[in-house]
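Dear colleague,

Please find below the structure that I am handing over to you. My findings follow directly after it.

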Amino acid sequence: MAKESSLKNMLLCLFGVTLGVSALLGGVYILTYESIELAKKNEVNAAIAAVVPAFDNDPSVEIIEKVVDGKKVKIYPALHGGEPVGYAIEASTTQGFSGLIVLMIGFLPDGTIHNSAVVSHAETPGLGDKIEQKKANWSLQFNGKHPDNFKLSVRKDGGDVDAITASTITSRAFCDAVELAYKAFLTVTQQ
Amino acid sequence: MNKLQIITKGIIKENPVFVLLLGMCPVLGTSSSAINGLGMGVATMMVLIMSNAVVSIVAGAIPNQVRIPAYIVVIAGFTTVVQLMMQAYTPGLYATLGIFIPLIAVNCVLLARAEAYASKNSVLNSVFDGLGIGLGFTLALTALGAVRELLGSMSVFGYKFASGDGMLVFILAPGAFIALGYLIVIFNKLTKIKA
């Protein structure tokens with residue numbers, strides 16, 4: 001039967017329970033730590049490989065972290081035989097419809113957008129989530145375009161991008177992140 | 001009551017979603033597709049079985065006045081264990097369920113079973129109770145997810161069998177309430193006929 005609820009008993013019991021659970025969590029954390037890091041790295045590597053031409057270095061090791069317009073941007077240079085073949089740039093925006101949108105944009109060395117991938121987002125399913133390439137081919141319109149002669153804003157705002165129907169806010173946010181990634185790209189290449 | 005009865009009771013007579021109406025937050029939030037519902041259900045079932053077992057073991061040593069905090073610590077601990085496991089071995093599923101996994105800790109189904117069943121019954125019975133209630137929760141979530149996916153995006157378990165976009169409302173929050181309401185009606189109608 002349950003013990004008497006004296007102060008000593010209660011303290012001992014809660015201490016014992018929390019100690020036991022902490023030990024368990026510590027153990028599981030150590031066991032899973034490597035797998036979690038590996039899974040995260042694989043996810044980033046898959047996104048990089050999807051947006052730049054074939055490379056033979058390890059971009060996640062040669063990562064350059066920059067602050068552009070007050071936002072943190074990660075730049076992964078992709079090299080083939082020592083020559084740069086492209087830059088995968090992870091940029092995020094808070095301009096989306098709900099929460100942070102994180103994109104991976106691949107640029108060729110001359111600044112042309114090669115491909116893009118959505119790393120994470122929380123846009124409305126069925127509407128804003130069309131920015132994902134597996135849901136719709138909307139984001140393919142950026143591929144092969146150079147930001148110098150392709151204005152990165154939706155047509156409603158005088159740009160060259162066709163917005164997703166009923167998701168203008170999401171489309172604007174996407175353009176915003178691509179713009180940020182391009183600025184980051186310029187800071188790396190124009191040195 | 002034999003073990004099989006304990007399990008079927010959790011699926012039919014005391015189904016946490018359709019009969020007890022417990023833990024509605026994750027039910028409505030994660031059931032936008034059948035696979036999400038299944039993943040969330042299995043994760044909850046894992047936590048439920050482990051927390052039921054541990055609560056049933058330590059219940060005798062816990063003073064009455066601090067039993068709720070002690071149970072919550074146990075449940076939250078196992079929730080984090082499941083979260084870390086999913087993050088490590090099923091990163092894809094973890095990415096979609098994301099913020100709902102830590103919320104298993106505050107799912108009232110778990111505390112209800114710890115308090116109402118596990119603390120008063122043997123370890124083995126508590127494990128079977130966790131399995132039964134967990135299966136009931138999983139089946140309900142999967143059913144709701146399948147219905148919403150079917151009506152909302154014309155597919156089930158990602159397998160698309162009709163073209164078109166479906167009714168968007170079923171993917172969004174209001175569709176979760178509508179679909180759940182009708183499923184509860186159907187479930188109760190069927191179980192009444194049986195009884």
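The notes below take up the strands of chain A, then the contact between the chains, and then a pair of helices in chain B.

Please bear in mind throughout that this is a predicted model.

In chain A, strand 3 (residues 83–93) has a strand partner in strand 2 and another in strand 4. Strand 2 (residues 71–80) of chain A pairs with strand 3 of chain A in the antiparallel sense, over seven bridges. Within this pairing, A:Tyr87 of strand 3 is the bridge partner of A:Pro77. The two strands form a hairpin with two residues between them, and A:Gly81 in the turn has a positive phi of about 60°. Strand 4 (residues 101–107) of chain A also pairs with strand 3 of chain A in the antiparallel sense, again over seven bridges. Here A:Ile105 in strand 4 stands opposite A:Ile89. Strand 3 of chain A is mostly covered, with eight of its 11 residues buried.

Between the chains, 23 residues of chain B are in contact with 23 residues of chain A. On the side of chain B that touches chain A, helix 4 (residues 67–89) of chain B gives the most, with 12 residues. By class, that side of chain B has 16 nonpolar, seven polar and no charged residues.

Within chain B, the axes of helix 3 (residues 34–58) and helix 7 (residues 123–153) come within 8 Å and cross at roughly 165°. Because this angle is over 145 degrees, helix 3 of chain B is roughly antiparallel to helix 7 of chain B. Their crossing is right-handed. The contact of these two helices has 18 nonpolar, 12 polar and two charged residues.

With kind regards

How values were computed. Residues are numbered from 1 along each chain as its sequence is written. Chains are lettered from A and ligands numbered from 1 in the order in which they are written. This is a predicted model: local features need pLDDT of at least 70, side-chain atom pairs count only at pLDDT 80 or more; totals for chains, interfaces and linings use all residues. A residue is buried if 20 or more other C-beta atoms lie within 10 Å of its own, exposed if 12 or fewer, and partly exposed in between; C-beta atoms are placed from the backbone. Helices (H or I, at least four residues) and strands (E, at least two) are DSSP runs, numbered from the N terminus. Two strands pair if DSSP finds at least two bridges between them. Two residues are in contact if their C-beta atoms, placed from the backbone, lie within 7 Å. Ala, Val, Leu, Ile, Met, Phe, Trp, Tyr, Cys and Pro count as nonpolar, Asp, Glu, Lys and Arg as charged, and the others, Gly among them, as polar. Axes are lines fitted to C-alpha atoms, for helices over the stretch in contact, and angles run from 0 to 180 degrees between N-to-C directions. Angles under 35 degrees count as roughly parallel, over 145 as roughly antiparallel, 65 to 115 as roughly perpendicular and the rest as oblique. A crossing is left-handed if the near helix is turned anticlockwise from the far one by less than a right angle, and right-handed if clockwise.
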